[in-house]
Amino acid sequence: MEEAIKYVAKDYKNDQSVRWCPGCGDHAVLNSIHKAMAELGVCPHDIAVISGIGCSSRLPYYMNSYGFHTIHGRAAAIATGVKTARPDLNVWVMTGDGDCLAIGGNHFIHAIRRNVDLNIVLFNNKIYGLTKGQYSPTSDRGVVTKSSPYGTVEEPFIPAELTMGARGNFFARLIDVDLKNTAEVLTLAAKHKGASVVEVLVNCVIFNDGIHKYLSDKANRAERTIFLRHGEKMLFGNNNEKGIVLDGLKLKAVTIGEDGYTLDDILVHDAHEKDMTLHMMLGLMGGDMPVALGVIRDVEAESYDQAVENQIKEVQAKNPVRTLNEYLMSGEIWEVKG
Amino acid sequence: MAEKTKITTLDKVVVRFSGDSGDGMQLSGTIFSNLSAILGNEISTFPDFPAEIRAPQGTLSGVSGFQVHLGSRKVLTPGDKADVLVAMNPAALKVNVKFLKPGTIVIIDTDSFQKSDLDKALFQTDDPFAELGLTNVQVVAAPITSMVKEGLAEFGLDNKSAVRSKNMFALGLVCWLFERPMEGAIHMLENKFSKKPTIAKANIKALTDGYNYGNNIHAQVSTYRIECMKCEPGFYTDVNGNKATSYGLIAAAEKAGLKLFLGSYPITPATDILQELSARKELGVKGLQFEDEIAGICTAIGASFAGALGATSTSGPGLALKSEAIGLAVIAELPLVVVDVQRGGPSTGLPTKSEQTDLLQALYGRNGESPVVVIAASTPTDCFDAAFWAGKLAVEHMTPVILLTDSYIANGSSAWRIPDLDKYPEIKPPYADQYAGDKPWKAYRRDAETLSRYWAVPGMEGFAHRIGGLEKDYETSAISTEPLNHQKMVDTRQAKIDKIANYIPDLEVLGDQDAELLIVGWGGTYGHLYEAMEMMQENGKKVAFAHFKFINPLPKNTAEVLKRYKKVVVAEQNKGQFATYLRSKVTGLNPYQFNRVKGQPFVVGRLVEEFTKLLEA
């Protein structure tokens, strides 16, 4: 038996110099992607990394795999073509909040609805960086940017809600600086069969510096976020002294030992539950509640690319015709003799 | 047989079936044309339907037609005017008046020529024929609806279902007129309604009743005999342009050893291609519908990147939506076939009608210097060859190819000899492992002859690479904004397309080589222009005809051929797009133009008139 090749992160790097701004959150994510790929053990030439346009979409150039840096908003559609033509490939989509949710919104929701086996990494910095600072579809209402000098008058998308609204089966959220967990979550996303969306809250050091600081700040992170793991209690806080409970039809953050709540009252995270009601509530937490990180939803279902293959196999099992000539000759024909 | 009936032998005849869009005229027409083709007639057909699925019954806007041109010799168009018209209601008669000849046989259903029917078609009197000035036609007036109801009483069908078979009664009458044996038609109906035996039997009964009615009434009209012509031996089938296009793409993929992937979105009149290829699962074709036109082409580009033959099908408005993605395939240098079944424009325009108005869009409708190959199919069956060529050039030269067909040839059909693919040229994908240069392989290393880059398909070890929409360095294939490099890459992409002229056939001149006038056309007008040339020759005129299938690049001998003739007339269904293009490509050429943009095919008689005037000027 052949011994499996053991890959390390640097097998997925190439010699191109990375051109993101110093301090950009994308650097950390790139490193985590290299690590996740090594963890998966897929050889670099069986990986295709597809991107659209924007800062984060430069990522394929920094990979040692096959890569395609395409056009604005179309990465999900092009990746759908790659994966459907070649289900054997490991296909990633690198995209930003503008690329994925504004100009590419349609392809994004349809890729999710179809459940194409893509690993979509959504770099969310809530701003257009490459065009130098206009608001994006995830910018908070009222934010002042170069194209909203008096503040925006529109509500943002929440990627978790949009993903599940499009009937997505895998959604995870990460913070760029949380290196410890990033590679682990990306690996789970890649192992998931079907469309997986990993939203990474990244900092744009130039045009939107500190946009996620409220969450990413080390001093407050444990209080303001909760990292979810399938099968584990939903605990957070500096000493894991807080947790999430169900209060009527709503979620509530409580402190164990206060108001009569005990550890037994704290919910256990079930990422595999088909009913997405609770996942949606977890994805929408914020404000008084900690923002959910980690894998929020991870449900198995047949992927589109596999379903296309299966349908071909089913038809072929019943129909022996394999060439154009055989097909035409089996139709309505007549012969003219010489 | 009716003794009194006189039989006229003709070499060509045009039959038009016309009625409400729900009357089943397309089915009657299709069966009649297939029957005739099987008997060895040359056929060319054209359906003419309203844009609305079901316009108000009996009104002028709801008329749907199907025209069949049969001949004992080469038939290339559905014909200008009808020798036989089936008019199922007064609206159909009125709409088709302009298509009648002196002496045309008009078959009408008297049951639907009542006062209320005449009102719906806006007739003022109760004699539609007099009102339309039709004094010189042979009318076969039959109470078709009531005879069908009576004839089908035994089947216990409800009134609506029974009446639906009146198209078969009309077909039976036409079959009698043309001495078509019933067996073939019966067989076709049995196949068509194999899952609904009662409906099959009812249709067959109505068909036979119609035939017998013609035979029994001793109608004082001519019946026609079209002699059969000597076709090239082989197996034949009936094919329309959209089917032939689909088959051409399958054939190209088979020849190249590639999987065919079609990403598409429904759009009239191209939808049939998506439907045909989505049904060919047994051949392993991935013909798939996506969320929009852009996704259609983008999935196809993704499939090509992954090593399949990527294709997409659309019509003019969809081509506009795809233009940015075509630019991506230009700079990424990936094989891609974009089929544009042209229709009337601009905007939504005339979705069910035919034009040649997308030529300049295909040639130039993108940002930046982004040359692509443009090919145009000339007849329904030529769509097969044109699609095959599109696939071959796309793969061997790593480029997007736009294949232009049009609504007229896409829906028109004719008998087609099933091709022997062994006789078609090889298609050899330029895979990266064939690169034999001295320098290490890079994504944009090129073949010295074709200037094509090599195709490295994911999964090939040692060839992992990154490509994309940003300009790349000629040597290293890394991103580059260097001015001289950009100039070199722009020039190279153009030269790559120009060099394809070395791999396509020369332009052919038909007719009188030493004529004074050369008729020039491209795409779906071939049949009309060819028949115009033939008719002029029959009138004793010397005339030549050159028809373009390869638009970009043009065949190498183009300038030489065009400059050989004293007068050149470019005839096309737009405001002069090809003429403009030729002027820009052939120095000193200043052709006459014949341009019509009516959404309808050319009229051969009109072409002959205009060209004769030019010749004699």
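This passage describes chain A as a whole and then turns to the domains of chain B and one of its strands. The model is a predicted one.

A good place to start is the overall layout of chain A. Eleven helices and 14 strands make up its list of secondary structure elements. Along its principal axes, the C-alpha trace of chain A spans about 95 × 50 × 45 Å. Chain A contains 338 residues, and 49% of them count as buried. Contacts that link distant parts of the sequence can also be counted: among the contacts in chain A with a separation of 6 or more, 66% are between residues 24 or more positions apart.

Chain B can be read domain by domain. Its division gives domain 1 (7-226), domain 2 (237-423) and domain 3 (510-616). Between the centres of domain 2 and domain 3 of chain B, taken over C-alpha atoms, there are 26 Å. These two domains touch each other, with 24 residues of domain 2 of chain B in contact with 21 residues of domain 3 of chain B. On the domain 2 side, the elements that give two or more residues are α14 (359-364), β14 (373-376), β15 (400-406) and α16 (407-411) of chain B. The largest share, four residues, comes from β14(B). Sorted by class, this side of domain 2 of chain B has 14 nonpolar, seven polar and three charged residues.

A helpful strand to follow next is β13 of chain B, residues 336-342. Seven of its seven residues are buried, so β13(B) is largely enclosed by the rest of the structure. The side chains can be sorted by direction: L336(B), V338(B), D340(B) and Q342(B) point one way from the strand, while V337(B), V339(B) and V341(B) point the other way. Residues on both faces of β13(B) are buried, with D340(B) and Q342(B) among them.

What partners does this strand have? With β12 of chain B (residues 309-314), β13(B) pairs in the parallel sense over four bridges. Within that pairing, T312(B) has V338(B) as its bridge partner. Helix α13 of chain B, residues 316-332, joins the picture here: β12(B), α13(B) and β13(B) make a right-handed β-α-β unit. The strand β13(B) also pairs with β15(B), again in the parallel sense, over seven bridges. In this pairing, L336(B) stands opposite P400(B) of β15(B). The strand β15(B) thus appears twice in this account, as a partner of β13(B) and as one of the elements on the side of domain 2 of chain B that touches domain 3 of chain B.

Terms used: Residues numbered from 1 in each chain as written. Chains lettered and ligands numbered in written order. Predicted model: local features only at pLDDT ≥ 70, side-chain atom pairs only at ≥ 80, totals over all residues. Buried ≥ 20, exposed ≤ 12 C-beta atoms within 10 Å, placed from the backbone. Contact = placed C-beta atoms within 7 Å. Domains from an automatic or database assignment. Nonpolar A, V, L, I, M, F, W, Y, C, P; charged D, E, K, R; others polar. Pairing = 2+ DSSP bridges. Right-handed = clockwise from strand over helix to strand, strands pointing away.
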